[in-house]
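User: I should like to learn how to read the packing and pairing of secondary structure elements in a model. Could we proceed feature by feature?

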Amino acid sequence: MKHLLKSVKILIYSVLLVTACALTVFAHDRIDHKQYKYHWNHNVGQYARIAVRKNVTGLTSAEKTAFVKAIKTLKTTIPAGSKLSIYDQFVAIHIGATRLIHNHKGHSNGSVQELAHENAAFFPWHREYIRRFEQALQAVDPTVTLPYWDWTDPKALDVIFNDDFLGSNGQGVTIKIPNQGSFTGGSVKSGAFAAANGWVMNPVLNIDQDTGTSLGTSLVRFLQAPPASDYPVPKKDVERALSLNNYSLFRPALEGFISVDEQGKVTPGGFLHNYIHGFVGGVQIDASTRPVKFKGLGTMSNIPSSPYDPVFWLNHANADRLWAEWQENGHQGSDFYPANGQAYGHNLKDLMWPWDGGMSTPKATALGDLLSLLPNFDSKDLVRPIDVLNHRKLGYTYETRER
Ligand SMILES: [Cu+2]
């Protein structure tokens with residue numbers, strides 16, 4: 001039974017992840033949102049201080065309040081000429097990155113490509129993306145940094161999913177899972193991220209990639225519904241991923257598409273970062289069909305619009321922290337990132353949309369043209385994986401890297 005459950009888990013997460021990521025990016029080279037101004041520069045000397053990202057379980061209640069307040073400010077601040085708030089622009093960027101069409105010579109075959117997931121650029125793209133989000137938060141409140149969710153920390157659940165922070169599980173929907181019982185989820189009804197308290201998602205951005213239909217305007221969670229119910233993640237699972245020396249194995253292991261045992265045997269599935277998406281959002285299995293069908297239930301399970309659940313930033317800060325740890329533990333620099341042989345955008349010196357000077361464009365969704373919702377990207381705001389290999393040069397670090 002345990003084995004069966006494990007393979008089901010694996011299948012679920014495979015499906016979940018393939019459909020899960022999308023993004024839209026905007027140039028942050030210089031953003032002027034009336035009272036909030038910030039300037040992006042890769043030169044760390046531009047910053048008065050280095051941002052230290054902390055374990056979420058170590059935040060004071062004042063720090064938690066400041067983080068939530070800064071997020072809510074981005075959600076309600078609409079830059080001049082924009083149809084979207086700053087927060088919604090970040091969501092749109094994530095969606096766009098999951099569905100790019102390349103415009104430039106030699107790559108313009110019209111097919112839709114994933115930039116931010118399922119390939120090498122998963123780590124560098126998200127490093128740049130969440131750092132820009134952190135800077136947007138700091139433009140509101142300079143004391144805020146992104147907390148990380150250490151998946152092996154048993155205390156993290158109570159801290160994160162609490163009405164004094166990111167809100168609790170969703171309510172109002174009961175799902176019956178064969179042999180497991182009944183589980184509750186639905187829209188989040190209390191705390192700062194309830195619709196009633198102003199956390200209303202853009203229905204055109206919150207779209208189900210499979211059906212092309214809108215997933216609505218409320219944050220939805222099915223926390224800890226089987227099969228993604230085990231917590232905490234065993235420390236040995238993380239350590240095993242960190243012990244892999246080859247980026248081409250380390251990346252899919254930590255992103256969570258495979259696990260690799262001590263003998264080097266690879267098992268496909270949904271682990272670590274991917275598992276956490278399903279753990280919060282919930283996934284459903286229809287075992288009566290062949291092949292078995294899997295369906296994401298909540299916001300975190302729909303990868304493209306998953307940044308609408310603020311826990312997204314904590315999950316990705318942890319993935320980034322573990323990449324930084326791996327890098328500083330003997331895998332530093334460009335020798336540990338693929339120079340070539342990957343799809344465009346994923347090689348060491350490829351440009352990553354939206355910081356690519358117009359080389360790629362996100363494909364329109366069934367609900368509309370994403371690009372028309374996004375700001376113009378500065379043609380001089382260019383970022384390649386090689387530019388972000390050293391996180392310290394981006395002006396931040398993790399408390400676990402400073403001990
Ligand atoms: Cu993710």
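User: At what angle do helix α4 and helix α9 pack, and how far apart are their axes?

Analyst: In this predicted model, helix α4 (residues 122-140) and helix α9 (residues 311-328) pack at about 125°, and their axes are 10 Å apart. An angle between 65 and 115 degrees would count as roughly perpendicular and one over 145 as roughly antiparallel; α4 is therefore oblique to α9. The crossing of these two helices is left-handed.

User: Which residues make the contact, and how do they divide into nonpolar, polar and charged?

Analyst: From α4, the contact involves Phe 123, His 126, Arg 127, Ile 130 and Phe 133. From α9, Trp 313, His 316, Ala 317, Ala 319, Asp 320 and Trp 323 take part. Seven of the residues in this contact are nonpolar, two are polar and two are charged.

User: How do the axes of α2 and α4 cross?

Analyst: Helix α2 (residues 61-76) and α4 have axes that come within 9 Å and cross at roughly 95°. The pair α2 and α4 is therefore roughly perpendicular. On the α2 side, the residues that meet α4 are Ala 70, Ile 71, Thr 73 and Leu 74, and their counterparts in α4 are Ala 136, Leu 137 and Val 140. The contact of α2 with α4 comprises six nonpolar residues, one polar residue and no charged residue.

User: Turning to strands, in what order do the three strands of the open sheet lie, and is the pairing parallel or antiparallel?

Analyst: As a general idea, strands of a sheet pair through backbone hydrogen bonds, in either a parallel or an antiparallel manner. Here, three strands form an open sheet in the order β5-β6-β7, with antiparallel pairing. The edges are β5 (171-177) and β7 (220-221); each has a single partner strand, so one side of each is left without a neighbour in the sheet.

User: Over how many bridges do β5 and β6 pair, and over how many do β6 and β7?

Analyst: β5 pairs with strand β6 (residues 181-187) in the antiparallel sense over seven bridges. Within this pairing, Ile 175 stands opposite Phe 183 in β6. The hairpin of β5 and β6 has three residues between the strands, and Asn 179 takes a positive phi near 70° there. β6 and β7 also pair in the antiparallel sense, over two bridges, and Val 220 in β7 is the bridge partner of Ser 187.

User: Where does Asp 163 lie, and why does Asp 163 count as it does in terms of exposure?

Analyst: Asp 163 lies in the loop between α5 (156-160) and β5. Asp 163 counts as partly exposed because it has 14 C-beta neighbours inside 10 Å, whereas 20 or more would be needed for a buried residue. Leaving aside residues up to four places away in sequence, Asp 163 touches Ser 168, Ser 190 and Gly 191. Asp 163 and Ser 190 are 27 residues apart along the chain, and their C-alpha atoms are separated by 6.5 Å.

User: How many helices and strands are there in the protein chain, and what percentage of its residues are buried?

Analyst: The protein chain has nine helices and 13 strands. Of its 403 residues, 49% are buried. Among contacts between residues at least 6 apart in sequence, 70% join residues at least 24 apart.

Key:
Residues are numbered from 1 along each chain as its sequence is written. This is a predicted model: local features need pLDDT of at least 70, side-chain atom pairs count only at pLDDT 80 or more; totals for chains, interfaces and linings use all residues. Axes are lines fitted to C-alpha atoms, for helices over the stretch in contact, and angles run from 0 to 180 degrees between N-to-C directions. Helices (H or I, at least four residues) and strands (E, at least two) are DSSP runs, numbered from the N terminus. Angles under 35 degrees count as roughly parallel, over 145 as roughly antiparallel, 65 to 115 as roughly perpendicular and the rest as oblique. A crossing is left-handed if the near helix is turned anticlockwise from the far one by less than a right angle, and right-handed if clockwise. Two residues are in contact if their C-beta atoms, placed from the backbone, lie within 7 Å. Ala, Val, Leu, Ile, Met, Phe, Trp, Tyr, Cys and Pro count as nonpolar, Asp, Glu, Lys and Arg as charged, and the others, Gly among them, as polar. Two strands pair if DSSP finds at least two bridges between them. A residue is buried if 20 or more other C-beta atoms lie within 10 Å of its own, exposed if 12 or fewer, and partly exposed in between; C-beta atoms are placed from the backbone.
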